[in-house]
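Visitor: Please put the sequence and the structure up before we start. I would like to go through a few places in it.

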Amino acid sequence: MTNQKTVTREMFDDVMVPNYAPGKVIPVRGEGSKLWDQNGEEYIDFAGGIAVNVLGHAHPALVGALKSQGEKLWHLSNVLTNEPAIRLAQHLTELTFADKVFYANSGAEANEAALKLARRYAWEKFPAEQNGGVEKNEIIAFNNSFHGRTLFTVSVGGQAKYREGFEPVPGGISHVDYNDLDALAATISDKTCAVIMEPIEGEGGIVPATQAFIEGVRALCDKHNALLIFDEVQTGVGRTGALYAYMNYGVTPDILTTAKALGGGFPIGAMLTTTEIAKSLVIGTHGSTYGGNPLACAVSEAVINIVAEPEVLYGVKAKNKLFVDGLNAINDKYSILEEVRSAGLLIGAALNEKWQGKAKDFLNAAQLEKVMVLVAGPNVIRFTPSLVITDEEIKEGLARFERAVAKVAG
């Protein structure tokens, strides 16, 4: 048996590309909504791997699915199909608007597939000679949006800081303000092939679309024969109290992307769409070596089976109230927040003017108090815990977070 070296945080800087700045704590074990570090210290996890660990850590059903599939079949690529991939696709299509599924490994890859499909669909269905001489290939996205880190998706994303140093970026992309229907109406045209949006901007600060806005976007897309793509990488798989956030709004997209929580911590992404639109991705037009991996699909199937249960989705909405009430109570004492924005267990505590730019300070203080939180930009503290976190864990985590707030703002 090979002796393993003791791993330290300092080793990270020696061997890893410096694009991340992880905290000093190295978790080594998790169970439910708790983590333990190398020293045996316990943490409450309000971060959930950035909205990934939808059922917490080491959930028995997910562990069981992984072990069972791991003893059967790991990988085939798409030269052949496999049973878990087909079963998962059946579940996803039964539970959503979609007829067809394309598998990927991440949200960025799912969005890449969606954007490529939208352009190819327009190229096939609306060639310039049938579209008033206009090439139909423009993609419209929204300022402060986030759609991934590939060159295409980072170009579509509405945050310039992620594009700096990587130009020239793909063209044919426009951005308008989120929740500004007039701005979209002034920009969309018959050259637009797709509008892509998050029903709730996640990295942009946990900003939900208004009902009027999301309905208006759908109507404008219909008017101009443009596809509506919902990026539900962060909002999907029960995060908002519905299996997918579009269900809360009653507005159906043409294409939906999903990842993060889809695998409960095992890497998987998917693009969902209709039969008619899917026809444009004929053999050879797009692919993924690991997409539809049997291990990933088996775990994801277990995730969907649990999250889709009504009591889990209902519980998300009930737990939202505990979080929001708790954060508002903390704010009554320390006056750090402008507002708490939320949908289910996607929660953003927006700092007021006095504390602008200090979100990371609260994150660091929280870690010292043994509770893991996130940020969404410099001004919003973000909470994306497990959907099955217990009420007691929420209360204990908020008590720890309050101690952190007291140290920063007290």
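**Helices and buried sites**

Visitor: At the start of H4, which backbone nitrogen does a side-chain oxygen of asparagine 82 reach?
Guide: Helices here are DSSP runs of H or I with at least four residues, strands are E runs of at least two, and both are numbered from the N terminus. The side-chain oxygen of asparagine 82 comes to within 2.9 Å of its partner, and a polar contact is a pair of N or O atoms within 3.5 Å, one able to donate a hydrogen and the other to accept it, with residues adjacent in sequence counting only if both atoms are side-chain atoms. The backbone nitrogen belongs to alanine 85.

Visitor: What do the numbers rest on?
Guide: This is a predicted model, in which local features need pLDDT of at least 70 and side-chain atom pairs count only at pLDDT 80 or more, while totals for chains, interfaces and linings use all residues. Residues are numbered from 1 along each chain as its sequence is written, and side-chain values use heavy atoms, leaving out hydrogens and water.

Visitor: How far apart are the end C-alpha atoms of helix H4?
Guide: The expected span is 1.5 Å times one less than the number of residues. For the 13 residues of H4 (residues 83-95) that gives 18 Å, and the model agrees, with the end C-alpha atoms 19 Å apart.

Visitor: Within what arc do the buried residues of H4 fall?
Guide: Buried means under 20% relative accessible area, exposed over 50% and partly exposed in between, with a 1.4 Å probe and protein chains only. The buried residues of H4 are Pro84, Ala85, Leu88, Ala89 and Leu92. They line one face of the helix, because the directions from the axis to their C-beta atoms fall within an arc of 130°.

Visitor: Which residues are exposed on the other side of H4?
Guide: The buried residues of H4 are covered by elements including helix H3 (60-70) and helix H11 (294-307). On the other side, the exposed residues are Glu83 and Glu94.

Visitor: Is serine 33 buried or exposed?
Guide: Serine 33 sits in the loop between strand S1 (27-31) and strand S2 (34-37). Not counting residues up to four places away in sequence, serine 33 touches residues including Tyr43, Ser386 and Glu393, where contact means heavy atoms within 4.5 Å. With a relative accessible area of 3%, serine 33 is buried.

Visitor: What is the relative accessible area of valine 154?
Guide: Valine 154 lies in helix H6 (residues 151-156). Valine 154 is buried, at 6%.
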